[in-house]
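This report describes the architecture, the packing and the charged pairs of one protein chain. The sequence and the model are shown first.

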Amino acid sequence: MNPHRRTREMNPGTDERFGDSREATVALLHAWTRYAERWLYRLPGADGLLCYGTGAHGHWALQAHDTAFTGYAMLATLPEGCGAAPHLSRDACAATALALCRYTFQSHHDGGGAAADGQTWGHSWISVLGLERMMHGVRAIRPLLTDADRERMRRVLLSEADWLLTSYPVTAGLTQNNHPESNMWNGTFLHRAARLYPDAPHAAEYREKGTSFLANAISLPEDAADGRLLDGRPL
């Protein structure tokens, strides 16, 4: 039996675009914010910056932070009728999301600031995973971003894309140091950067290497002898 059909029969209010009901998803986000608030930290001397968790520059800390940002961003921009968290206004969710977003970009190597531990992040095999996890939240609050926010975001995203282009090789294989999975998010990110910034000097190269990453996101032994063309090149 189709599991989505079964879900719809159990809950007639299910929206197929979301899988589970929108109401259940929003309720979970509401409950989560009550827990999350105790881990929000405003940086001393850094007006308008907020971090979630430890505020360290390490990639695990940043990924938790970026996911928290996305939760607040989605609550801030829910369709009319869904409401923000009962204990938070929509404006409060938006302000929190913006402060978390700015912390991510300003604490990057090319963001002009630093994380709560005084160090910066970026240019690693996993650094763009946090960015990928927050991009639908960025899209949701994009109208709220200032010109300075957009410029800093562009600088950070292109910095990461350039690093992947010049310093991170595509490695094929069934399993090797997490490369099949990391190839997936690195390839997706390069295509995203090329699409967001088609005027970037290396946009065409981002697309080419991004496709190579994605072709190796799931590797099978028979791929080595496969003659099919992918984006004009043999698989």
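Which side chain meets that of aspartate 226 in a salt bridge? The partner is arginine 228, with an N to O distance of 2.7 Å. Arginine 228 is exposed, at a relative accessible area of 56%. The structure discussed here is a predicted model, and all values below are computed from it.

**Overall architecture**

The protein chain contains 8 helices and 4 strands. Read from the N terminus, the order of elements is α-α-β-β-α-α-α-α-α-α-β-β. Of the 235 residues in the chain, 43% are buried. Among contacts with a separation of 6 or more, 64% join residues 24 or more positions apart. The accessible surface amounts to about 12600 Å², and carbon and sulfur atoms account for 54% of that area.

**Salt bridges**

Side chains of opposite charge can pair when their charged atoms come close. In the whole structure, 4 salt bridges are found; three of them are listed here.

| Acidic residue | Basic residue | N to O distance |
|---|---|---|
| Aspartate 149 | Arginine 102 | 2.9 Å |
| Aspartate 199 | Arginine 154 | 3.2 Å |
| Aspartate 226 | Arginine 228 | 2.7 Å |

Arginine 102 forms its salt bridge with aspartate 149. Because arginine 102 belongs to helix H4 and aspartate 149 to helix H6, this pair ties together parts that are 47 residues apart in sequence. Arginine 102 is partly exposed, with a relative accessible area of 23%, whereas aspartate 149 is buried, at 11%.

Aspartate 199 forms a salt bridge with arginine 154. Aspartate 199 sits in the loop between H7 and H8 and arginine 154 in helix H6, so the pair ties together parts that are 45 residues apart in sequence. Aspartate 199 is exposed, with a relative accessible area of 55%.

**Helix H4 and the nonpolar cores**

Helix H4 covers residues 90-106, and its end C-alpha atoms are 24 Å apart; this agrees with the 24 Å that its 17 residues should span at 1.5 Å a residue. Its buried residues include Cys93, Ala97, Leu100, Cys101, Tyr103 and Phe105. The buried residues of H4 pack against strands S1 (40-42) and S2, and against helices H3, H5 (127-141) and H6.

The largest nonpolar core has 50 residues, and those with the most contacts inside it are Phe69, Phe105, Met134, Val138, Leu157 and Tyr206. Two or more residues of this core come from each of helix H2 (22-36), S2, H3, H4, H5, H6, H7 and helix H8 (203-215). A second, separate core of 6 residues includes Ala46, Leu49, Tyr103 and Ala115. Beyond its neighbours within four places in sequence, phenylalanine 69 is in contact with Ala97, Leu100, Cys101, Met134, Gly137, Val138 and Ile141.

**Loops and surface**

Most residues other than glycine have a negative phi. Histidine 123, in the loop between H4 and H5, has instead a positive phi, near 60 degrees. Histidine 123 counts as partly exposed, at 26% relative accessibility.

Glycine 53 occupies the loop between strand S2 (50-52) and helix H3 (59-76) and is partly exposed, with a relative accessible area of 30%. Its C-alpha atom is separated by 9.3 Å from that of alanine 68, 15 residues apart along the chain.

A nonpolar patch on the surface is formed by Leu174, Met184, Leu214, Ile218 and Leu220, with about 470 Å² of accessible area together. Leucine 174 lies in the loop between helix H6 (147-167) and helix H7 (179-196). Why does leucine 174 count as exposed? Its relative accessible area is 54%, and the term applies over 50%.

Terms used: Residues numbered from 1 in each chain as written. Predicted model: local features only at pLDDT ≥ 70, side-chain atom pairs only at ≥ 80, totals over all residues. Heavy atoms only, no water. Patch = residues over 30% accessible without salt bridge, like charges linked within 9 Å, V, L, I, M, F, W, Y side chains within 5 Å. Areas by Shrake-Rupley, 256 points an atom, 1.4 Å probe, with all protein chains shown as cover. Buried < 20%, exposed > 50% of the residue type's maximum accessible area, 1.4 Å probe, protein only. Expected span 1.5 Å × (residues − 1). Contact = heavy atoms within 4.5 Å. Core = buried A, V, L, I, M, F, W, Y, C linked by side-chain atoms within 4.5 Å.
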